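Visitor: Could you take me through a close look at one part of this model, the place where the two chains meet, and then show me how it fits with the rest?

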Amino acid sequence: MKRIARIVLSGAFFLAGLTLGSAVAEEDAAARGLEIAQERKARDTGWDATEAAVEMTLYSRGGSETVRQLRIRSLEVPDSGSKSLIIFDLPSDVRGTVVLTHSHIERPDDQWIFLPSIRRVKRVSSSNQSGAFMGSEFAFEDLSSFEVEKYDYEYLGEDELDGMAMYKVASTPLYSHSGYTRLITWIDQEHYRPWKTEFYDRRGELLKTLTASGFSLYEDRFWRASVSYMENHQTGRSTKLEFKEYDFNVSYREADFRHNVLNRVN
Amino acid sequence: MRFAIGVLVGLWLLPTSVMALDFRGEIGVEHRQFFRTPIYDDARDEQPSIALQGQWFLPWGERSNFDLTVFGRLDAVDSERRRVDLREAKWVYMGDSWDFTAGYALVYWGVVESQRLVDVINQRDPLEDITGNVRLGQPMLHGRYFAGAVTYEAFVMPWFRERPFASSPARLRLPLEVDTGQAEYESSQERRHIDLALRSTFTLGTWDAGLHVFRGTNREPELRLSEGQDFLFPFYEQMTQFGVDIQRTVGSTLWKFEGIYRSPREDSYFAYAAGLEHAFYQVFESNIDVSILLEHNWDERGDDATTPYQNDLFTGVRIVMGDVAGTEALIGVYNDLDYGGRFGRLQASRRFGNNLRGIAEAYWFSPRKEEDAIYPYRREDHIIVGLDYFFEVQHDHYKRATG
């Protein structure tokens, strides 16, 4: 009888220890994940302003291609979300259309669109985070700047990708209206660049995979991929973003990212 | 007219690449088809036309540029639509916290979708769009000063542009011809009256608002009966307009309000347009976004209003397919709450390839009573089908990222 009691007791201690241990491990994983995200952000801070000319190719399930051209101007805002201007150049019926986004960490983004044919600047809802950008496989949220505070993290361990040592980090969006429950990102251990991201939908199923390639170093500090390829596993469609050139020497200021100057953006 | 065509053709033929300026062109073919027996015996059911638009952009040093947009149309039926018009011909100088524009320009004020209530700077072009979204260029000196969240603007407008009206044998005419050649003005300076406007806009969190005052020639003519009672002529009065436009953007809903107080020489009045736009994104897990529009339009003048919106509820649905072709459609119905009449519009378009856009539009009028402002259009139901081709000559932004 005593022996049974001892076995039950020690079993209980064992279980308690196991739970405690996993709680500690969970906390560790969250802290480690956050640490990696912070380091990734730290290494990509201080670029100030950039401009990129982007060619977007949409591939249908049947293999047909459609090309879009746009320019993306970004401005870093210290201790806040960044600001961005997306200028549409092709298809030609939307040429001159501009989308301005002021990203925020604590509250929903502010967004405006300039419609050149009637010279109208319209404040629009930024709730459409999971909506398709220009009919592509990229959602609006996939194109917004990476901010540490937008996610909860979990470190999943080390991995290897194309012979490179990687950290595997899961993140859960904290902002509202996201189309994802979970992202898994492969970040290289040397430069903290995101090489691959898997997106899991609201049902928890694998929706898309984003693969980055052709990283180049700018200003001796900042790594930028020249190609981002997004594959949608559920529809069979995919989209390739080719960054034709990054320019880190632009002199844009906050005044260039105001909604009331969208009519003079070129 | 002949001179304007000469200028248009000359600019068209300019070796734009040598000039290092951006050029965008647009060629549109359009067909209007009317279905009911016209009020006038001579009016035609078919109205085909071709439109050309050219836009030139020339940077001038670091801080200024010239922007020219010329529009022209050849219409088989309506001689008023055979014309060349300057939409914009302006020089813009951009300072650090201010900018200045001189020339013909288009300025957009307002937030609602059902009408252009506060939008008082540019004359409307109902020959291109009966809902008021297409407007004529306004000669102006326009300065803006940006002070943080607030922007202050001032306009000086030295020349007035008259509203065009459809002519025989076209459709969409009033029961009597409008003779624009007989236009009269309250001001002895007529078209040379110098109009002034001040506006300030601000953004605060989810709120965007604008306040303005305009003093000058009312763009909206009063149509008067001639002495022989055989035609109408436009009378342009002087007025002062105070106005406000507000939008609050919360989640997927845009709350909108526009209000004006106008004081012409007699009988001041209020008018407003207020409502909301609410979006449902990715309905049924597709890429399709659906927005509903609901706006109430009211004008204190009631039956004497120069617009059809004296007491009308506008209900609309906008569908954006989110597909590669950029397919979208807006259907809206104006319900007259006084007379029970309805006016409906459907505007749909999609892209074919990278340079073509097809459009399909429908307009229908069902007034119930003669007092309804749309009564003269009771037999003018029509559809428009068209195809626009876009082309351009530009700096290659894709080789040189900073354009």
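**Where the chains meet**

Guide: Happy to. On the chain B side, 56 residues are in contact with 48 residues of chain A. Please keep in mind that this is a predicted model.

The size of an interface is often given as the accessible area lost when the parts come together. Between chain B and chain A, the buried area is about 4200 Å², and carbon and sulfur atoms give 42% of that.

Now for the charged and polar pairings. Twelve salt bridges are counted between chain B and chain A. The side chains of D93(A) and R351(B), for instance, meet in a salt bridge with an N to O distance of 3.2 Å. Polar contacts across the interface of chain B and chain A come to 31 residue pairs, with both residues at pLDDT 80 or more. As for composition, the side of chain B that touches chain A divides into 22 polar, 19 charged and 15 nonpolar residues.

Let us step back to chain A as a whole. It has 15 strands and two helices, and its C-alpha trace spans about 90 × 45 × 35 Å along the principal axes. Of its 266 residues, 52% count as buried. Among the contacts in chain A with a separation of 6 or more, 44% are between residues 24 or more positions apart.

The interior is worth a visit too. The largest nonpolar core has 37 residues, and those with the most contacts inside it are I36(A), M56(A), L70(A), F133(A), Y153(A) and V169(A). Elements of chain A that give two or more residues to this core include helix 1 (2–43), strand 7 (151–161) and strand 8 (164–173). Strand 1 of chain A gives the most, with four residues. There is also a second, separate core of 18 residues, which includes A105(B), V107(B), W109(B) and M140(B).

Let me finish with a single residue, T101(A), which is found in strand 4 (residues 98–102) of chain A. With a relative accessible area of 11%, T101(A) counts as buried because that value is under 20%. Leaving aside residues up to four places away in sequence, T101(A) touches S82(A), K83(A) and S84(A) as well as D109(A), D110(A) and Q111(A). With Q111(A) there is a side-chain link as well: a polar contact of 2.9 Å joins the side chains of T101(A) and Q111(A). Further along the chain, S144(A) is 43 residues apart from T101(A), and their C-alpha atoms are separated by 8.7 Å.

How values were computed
Residues are numbered from 1 along each chain as its sequence is written. Chains are lettered from A and ligands numbered from 1 in the order in which they are written. This is a predicted model: local features need pLDDT of at least 70, side-chain atom pairs count only at pLDDT 80 or more; totals for chains, interfaces and linings use all residues. Side-chain values use heavy atoms; hydrogens and water are left out. Buried means under 20% relative accessible area, exposed over 50%, partly exposed in between (1.4 Å probe, protein chains only). Contact means heavy atoms within 4.5 Å. A polar contact is a pair of N or O atoms within 3.5 Å; within protein, one must be able to donate a hydrogen and the other to accept it, and residues adjacent in sequence count only if both atoms are side-chain atoms. Buried area is the accessible area (1.4 Å probe) that two parts lose on being put together, summed over both. A salt bridge is a side-chain nitrogen of Lys or Arg within 4 Å of a carboxyl oxygen of Asp or Glu. Ala, Val, Leu, Ile, Met, Phe, Trp, Tyr, Cys and Pro count as nonpolar, Asp, Glu, Lys and Arg as charged, and the others, Gly among them, as polar. A nonpolar core is a set of buried Ala, Val, Leu, Ile, Met, Phe, Trp, Tyr and Cys residues joined through side-chain atoms within 4.5 Å.
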